[in-house]
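Trainee: Please take me slowly through one part of this fold, and explain each term as you reach it.

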Amino acid sequence: MTGASAEPSGGPEGPLAALRAQIDEVDGQLLDLLARRLELVAEVGEVKGRHGLPIYAPDRERSMIEAKRAMAGERGLSPDLVEDVLRRLMRESYTHEKNMGFTRQAPDLGPVVIVGGGGRMGRLFGRMLTLSGYAVRVVERADTPEQVAEAVADAGMVLVSVPIHDTVGVISGLPPLPEDCLLVDLTSTKRAAMAAMLEAHPGPVLGLHPMFGPDVDSFAKQVVAYVPGRFPERSGWLLEQIRLWGARMHAVEADEHDHAMGLIQALRHFSTFAYGWHLAHEDRDLDTLLALSSPIYRLELVMVGRLFAQDPELYFDIITGSSDAVELVERYHERYGEVIALLREGDREGFVRRFGEVGAWFGEHADRFLTESRILLAHADSTRQ
């Protein structure tokens, strides 16, 4: 008999069933080990909370990943596979540790009042502050001036978490606060909010901007920008408290913050909105686009679609929140037109020259971003249905 060897009697189903049963058994062992790991993580979180240690320790994470990659290579495993698994486990661990509680950095602080505490970001900070042992009160727009005044009468901190367009008005309308009360806002633009807080309250003032949405599982590795206001020594406890939650704190002046947010938030969200608007009016079937898309284009579509699943008024406020946002978008529009002219004229040399200018601006970050994007794309491809 020539050609391919004949299939053994009974076909492949018998051997496959046996092998799959063994795989199922190994998977069960893995689940048991994962459960045990989370039990240990809970104990770690309890110790960290008791001793005032942050849940995110970058040096420990880095050294652990390096060691496990080396061990993977010694065992004939892919170091990238092992790192992917470990990073996913660590993300779950940070979420698990968060629920163990944190050391209270200001043990004598009076109640924390969150203005807008029923909103998603207000609820997130309220939950974290409660886990840290603070008494939290919530004030909402429907509360009467008398109720608000009563709530803040003995407050140790008042945290304003309301929509951008309401922030200055809410701050200006606050009743007098205790002299030592810390007044804080969570707005994504800082110039106007800081000016309003410094005008409304003679005591300590601090501006915060969480650089993430309220749907995060943990503060670990998240960035919180802060603008020092009045009496910064009286707000140090809050910065340290947020560090214990796992966040990275970045000090910035209000003007510098708002200019950066024009590029990071306003321009980016405007571009995404315009691209989505264009796609919708090209009137092509989205399922067809998804079926034909590479991992990178699918990821881009995911990020565009993510915007349109959220509150449009919020994004209008973010895009227009900076005083120079419109001018920034107009400059972008002008440069967009310059690039279109290169294509219309078939100017390959001009395109390549400008491409090189941008590459030089990115510098060594371009190669690092190429590596990071490969990891993201591999993950996106593996989760594709």
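Mentor: What follows is a close look at three strands, with a short step to two helices afterwards. The model is a predicted one, in which local features need pLDDT of at least 70 and side-chain atom pairs count only at pLDDT 80 or more, while totals for chains, interfaces and linings use all residues. Residues are numbered from 1 along each chain as its sequence is written, and side-chain values use heavy atoms, without hydrogens or water.

Begin with strand β5, residues 205–210, which runs antiparallel to strand β6, residues 223–228, with five bridges joining the two (strands are DSSP E runs of at least two residues, helices H or I runs of at least four, numbered from the N terminus; strands pair when DSSP finds at least two bridges between them). Within this antiparallel pairing, you can find His209 opposite Ala225 of β6. Now stay on β6 and turn to strand β7, residues 248–251, since β6 also pairs with β7, this time in the parallel sense and over four bridges. Ala225, which stands opposite His209, also stands opposite His250 of β7, and Tyr226 stands opposite Ala251, again in β7. To get from β6 to β7, the chain passes through helix α8, residues 236–244, making a β-α-β crossover that is right-handed (with the strands pointing away from you, the path from the first strand over the helix to the second runs clockwise).

Once you have traced that path, look further along the chain for helix α13, residues 325–344, where Glu338 lies, and for helix α14, where Phe351 is found.
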